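Reader: Hi! Could you walk me through the empty spaces in this protein?
Author: Happy to, let's look at it together.

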Amino acid sequence: MTTVGETAAATGAAPVATALVEAAHVLAGLGLVTAFGHVSVRHGDSVLITPPKELDLVVPDELVEIPLTADALPAGAPPEAWGHLAVYRARPDVTAVARAQPEAILAAGAVTDRITVLHGQAAWLGASIPVHDDARLLRSAERAERAARMLGTSDALVLRGNGALTAGAAPGIAVTRMWLLDAACRIHLAAHGAGPVTALSPEEITAWRAAAPPLLERLWAHLRRTAGTA
C-alpha cells in the first residue's frame, strides 16, 4: 500500500492530504456517513483516497494513493475506489469526489429515476440529478464506468439503494454538494408527497449555477463550523 505519509515530502501531497482529511471529518460530523463512505482528490496523475474506516477517525498518513490509470486497486484502498477513478477518467474537470449514503438520498433513489431541481441551491448539483439504476456496490471498473456515464455533466449521482457520488473542484466542495444533495432529496420527497410540483426553469437553473462558485465556498465554510473542524 502506498500512503501519503510515505510520499508527501516527495510529491507535495501534504496540503492536499490535510484538505482531504478535513473534508472526510466534516462529512462524518454532519452525519452524512456512518461506518461507510469515502472522499478522494485528484493529485497529479494519481488519486488520494480515504481508507475503508470511519471517516472521523482518518488521519493523513492513512490516505491511499492510486494511479489514475490503475487496472487493479492497491492494498488498503476501499473496494469502491473504482467509482472515484471512473469519475476522474470521465470528467477531467472534477478534482474531488465524495461518497456517502444519507437516508434521504436512499429514499429518493427508490421512487424516481431523476431528481428535478426544485430550489436554487439544488441547481449547484446540475440541471437535474440522475439516478443510477443498479444497487450493486461499485466494486468493478466496468460497473463504475457505467455509473460515471450516467453522471454525465451533473455534479451529483444518486446510486439507487447505494447512496450517492458527488463531485467538486476541491474535497470540501464535493462534501458540500453531498450535503446539498441530501437536502435536495429531502425537499424532493416532501414536495412530491404534498402534490404537484413546479421545478426551476432552465433559465433559473443557469442563473443559479453561474452564481455557484463563491456561494459554494461560503457554504463549505459554514459546514466546517457546523461539523466543528473550523
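Author: A quick definition to start: a pocket is an open set of grid points with protein on both sides within 12 Å along at least five of seven lines, and its lining residues have an atom within 4 Å of a point. Keep in mind that this is a predicted model.

Reader: Great. Which residues lie nearest the centre of the largest pocket?
Author: Those are Phe 36, Gly 37, His 38, Glu 80 and Arg 139, out of 13 residues that line the largest pocket. The space in that pocket comes to about 210 Å³.

Reader: And what does its lining have by class?
Author: The largest pocket has 6 nonpolar, 4 polar and 3 charged residues in its lining.

Reader: Okay, what about the second largest pocket, how much space lies there?
Author: About 170 Å³. It has 14 lining residues, and Gly 168, Ala 169, Ile 173, Arg 177 and Leu 216 are the closest to its centre.

Reader: Which element gives the most to that lining?
Author: H8 does, with 4 residues. Strand S8 (163-168), helix H6 (171-194) and helix H8 (212-227) each supply at least two. By class, the second largest pocket's lining splits into 7 nonpolar, 1 polar and 6 charged residues.

Reader: Switching topic: how many cavities of 30 Å³ or more does the structure hold?
Author: Just 1, and the largest cavity has about 30 Å³ of space.

Reader: Cute! Which residues line it?
Author: Trp 82, Leu 85, Ala 86, Arg 89, Ala 141 and Glu 145 line the largest cavity. Helix H3 (81-90) and helix H5 (141-151) each give two or more of its lining residues, with the largest share, 4 residues, coming from H3.

Conventions
Residues numbered from 1 in each chain as written. Predicted model: local features only at pLDDT ≥ 70, side-chain atom pairs only at ≥ 80, totals over all residues. Heavy atoms only, no water. 1 Å grid on protein atoms, 1.4 Å probe; cavity = no way out; pocket = protein on both sides within 12 Å on 5 of 7 lines; lining within 4 Å. Points joined across faces, edges and corners; volume = space filled by probe spheres on them. Nonpolar A, V, L, I, M, F, W, Y, C, P; charged D, E, K, R; others polar.
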